[in-house]
Amino acid sequence: MTWKAAVDSRQCMASGMCANIAPDLFVLGESHSRPVKEEFEADERALDAADLCPAMAISVYDDEGEAIGPRP
């Protein structure tokens, strides 16, 4: 199963929390974070990053395109 992550660059405050939680999934750029790959194997750390993002800028989608993160 593959997932996708998206970072809303307008919301991201570049805290780097996602890159600290999952450095192989997210990278911190000059002004915001971004996913390292377009798709990746299902990984709970992506959901953790979305849950803990202080700006709520990360969304995670399952292989059917359904939003699964951040979790309620």
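**Close-up views of a sheet and its helix α2**

In β6, Ala-67 is the bridge partner of Tyr-61. That pair is a handy place to start a tour of this predicted model.

**View 1. Strands β5 and β6 side by side.** Strand β5 covers residues 58–61 and is joined to β6 by 2 bridges. The two strands run antiparallel. If you are looking for a landmark here, find Ala-67 of β6, the bridge partner of Tyr-61.

**View 2. The open sheet of 4 strands.** Follow the order β4-β1-β5-β6 across the sheet, where the pairing is antiparallel. Which are the edge strands? They are β4 and β6 (67–69), each of which pairs on one side only. On average, neighbouring strands of this sheet are turned by 40° against each other, direction ignored. Helix α2 packs on the sheet and touches β1 (2–7), β4, β5 and β6. The direction of α2 makes about 150° with that of β5.

**View 3. The buried residues of helix α2.** Here we meet Ala-46, Leu-47, Ala-49 and Ala-50, the buried residues of α2. Seen down the helix axis, they fall within an arc of 160°, so they line one face of the helix. What do these buried residues pack against? Their partners are β1, α1 (17–21), β2 (26–28), β4, β5 and β6.

**View 4. Leu-47 and its surroundings.** Leu-47 sits in helix α2. Is this residue buried or exposed? Leu-47 counts as buried because its relative accessibility is 6%, below the 20% cut-off. Setting aside neighbours within four places in sequence, Leu-47 is in contact with Trp-3, Val-60, Ile-68, Gly-69 and Arg-71. You can also look for Cys-18, which is 29 residues from Leu-47 along the chain. The C-alpha atoms of Leu-47 and Cys-18 are separated by 9.8 Å.

**View 5. Asp-43, in the loop before α2.** Asp-43 lies in the loop between β4 (39–41) and α2 (44–52). With a relative accessibility of 18%, Asp-43 counts as buried, since the cut-off is under 20%. Which side chain makes a polar contact with that of Asp-43? It is the side chain of Arg-45, at 2.8 Å. Not counting residues up to four places away in sequence, Asp-43 touches Trp-3 and Leu-25. Trp-3 may look familiar from the previous view, as Leu-47 is in contact with Trp-3 too.

How values were computed: Residues are numbered from 1 along each chain as its sequence is written. This is a predicted model: local features need pLDDT of at least 70, side-chain atom pairs count only at pLDDT 80 or more; totals for chains, interfaces and linings use all residues. Side-chain values use heavy atoms; hydrogens and water are left out. Buried means under 20% relative accessible area, exposed over 50%, partly exposed in between (1.4 Å probe, protein chains only). A polar contact is a pair of N or O atoms within 3.5 Å; within protein, one must be able to donate a hydrogen and the other to accept it, and residues adjacent in sequence count only if both atoms are side-chain atoms. Contact means heavy atoms within 4.5 Å. Two strands pair if DSSP finds at least two bridges between them. Axes are lines fitted to C-alpha atoms, for helices over the stretch in contact, and angles run from 0 to 180 degrees between N-to-C directions. The arc is that of the directions from the helix axis to the C-beta atoms.
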